[in-house]
Amino acid sequence: NCYLNDGVSCTSNVQCLSQYCATNGKCASTNLLARAACIDNIQCLSNSCSSGFCSAINLLVGESCLINSECRSNLCSLGICSMPTMPRATDIEIEGNYAYLSGDSEGDFNKKDTVAVFDIFNPISSIQTGAIKNNLFAYEFDTQTNIESKGNFIFRMNPGTGNFIVIDATDKNNPYIVSSKAVVEFPFPSSTYSGRFSIKGNYAYILTYNPSTGGGVIVIDILNPALPREASRNYISGMFSRTPYLIETEGNYAYLFGDAGSNRLAVVDISNPAALTLVGYVELPGVELSNLLSPPTDISIVGNYAYVLYYGDSISNGALLIFDISNKANPSYVGKVNGIGGYGMEKKGNFLYIKSQKGNLLEIDLTNPRIPIQSRSFSATFGGGIGIENNGNYIYMSKMGNPPINPIEIINII
């Protein structure tokens, strides 16, 4: 048998010595290294042929590059893989001595296209170590989507596409995307999707919506974060006319809260991730909806009580709603505390810490869980964002603004 050399006209792969007949009708080499001349993606080990040359992949910060996609950070600046800077953030997660943030990158405000890693070993001076900028995250209307983490992995939703995105941050200087999975059928804005989800053990519980079945929860198995797989889809019949706004997992239960016609707290048994079951629910009395003109922003479970935070607006100062969940099959509405509105909240012992819409950090004493009392207020400059976490003696908050110098605000609460 005679095989054709590279550059000779061909009609099929079997004719070529390389066993590849390119799209230009000529035999061509395969298994090419970065920067080798190419015609098709399949010729390159990186599976990427750009502008006639094989691209590199997974280049680290500081290495030479030609295009953004060659870099783990997805930013090639002046021929060097660079770290995108994050001047403001919407949410924050703490893992040991590191904080993971989602938000904007320098020069692209309001795109929400960046996830960053910060070293917080010294609370007085947090330092950005790495970041990744990618349109997989980007959605300019995204102000409510949370970020979650488990060990060295970061999880994020894109409410515009319905994709569940996994980032490997083992190398804190060079985080990179290992998976992007389409999970939500009707993403924002068709269902006013909030983008909220919760991580519990080896599962992610993602809020979803289907016009024929209503709101519910998609369960994703993240035992292998690089290969997430769907475990179940659970539409809670009659509970939510659209995507629930909030979800929190605690023990064997998930707590879902809706709004705009579905103002109820639902308790869902998640002990079997393959088939979630509704345990009980409570409707929010219509009279209590007065002055709650904005969607709820956060939910927190403390002992036998669930607390739901409303932000408020120019008419309302928001409120903190209280639910008794000691009887999971029959939860009850206790009442609300007006004037305590905010972007997000975090529990620590018998206290809630709230990012107040007025721009300060509120400490709420839950010694009597049915009658929360504001015990302290701390001056702050966070300017927005839902993110708030506690770590030791400190509260960490994501910062918005136009823009701040650092996207993390840290307050000593001792």
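Is strand β26 (residues 351-356) mostly covered or mostly uncovered, and how many of its six residues are buried? In this predicted model, the strand is mostly covered, with five of the six residues buried, and its surroundings in the chain can be followed through the strands with which it pairs.

On one side of the sequence, β25 (342-348) pairs with β26 in the antiparallel sense over five bridges, and within this pairing K348 stands opposite F351. The two strands form a hairpin with two residues between them, and in its turn G349 has a positive phi of about 60°. Strand β27 (residues 361-365) likewise runs antiparallel to β26 and is joined to it by five bridges, with D365 of β27 as the bridge partner of F351. β26 and β27 also form a hairpin, here with four residues between them, and G359 in the turn has a positive phi of about 100°.

The chain as a whole comes to zero helices and 31 strands. Of its 414 residues, 53% are buried, and among the contacts with a separation of 6 or more, 42% are between residues 24 or more positions apart.

One open sheet can be described in detail: it has four strands in the order β17-β18-β19-β20, with antiparallel pairing. Because β17 and β20 (277-283) stand at the edges and each has a single partner strand, one side of each is left without a neighbour in the sheet. Direction ignored, neighbouring strands of this sheet are turned by 20° against each other on average. At the β17 edge, the pairing with strand β18 (residues 253-257) is antiparallel and extends over five bridges, and A254 in β18 is the bridge partner of T249.

β17 (246-250) and β25 (342-348) also belong to another part of the picture, since each supplies at least two residues of the lining of the largest pocket, as do β5 (88-95), β9 (147-150), β13 (197-200), β21 (296-302) and β29 (388-391). About 670 Å³ of space lies in this pocket. Its lining comprises 27 residues, of which E93, E148, E248, E346 and E389 lie nearest the centre, and the lining residues divide into nine nonpolar, seven polar and eleven charged.

Finally, C2 is placed in the segment before β1 (49-50). C2 counts as exposed because its relative accessible area of 81% is over the 50% cut-off. C2 and Q15 are 13 residues apart in sequence, and their C-alpha atoms are 8.0 Å apart in space.

Definitions and conventions. Residues are numbered from 1 along each chain as its sequence is written. This is a predicted model: local features need pLDDT of at least 70, side-chain atom pairs count only at pLDDT 80 or more; totals for chains, interfaces and linings use all residues. Side-chain values use heavy atoms; hydrogens and water are left out. On a 1 Å grid over the protein atoms alone, a cavity is a set of points where a 1.4 Å probe fits but cannot get out, and a pocket is an open set with protein on both sides within 12 Å along at least five of seven lines; lining residues have an atom within 4 Å of a point. Grid points are joined across faces, edges and corners, and a volume is the space filled by probe spheres set on the points. Ala, Val, Leu, Ile, Met, Phe, Trp, Tyr, Cys and Pro count as nonpolar, Asp, Glu, Lys and Arg as charged, and the others, Gly among them, as polar. Buried means under 20% relative accessible area, exposed over 50%, partly exposed in between (1.4 Å probe, protein chains only). Two strands pair if DSSP finds at least two bridges between them. Axes are lines fitted to C-alpha atoms, for helices over the stretch in contact, and angles run from 0 to 180 degrees between N-to-C directions. Contact means heavy atoms within 4.5 Å.
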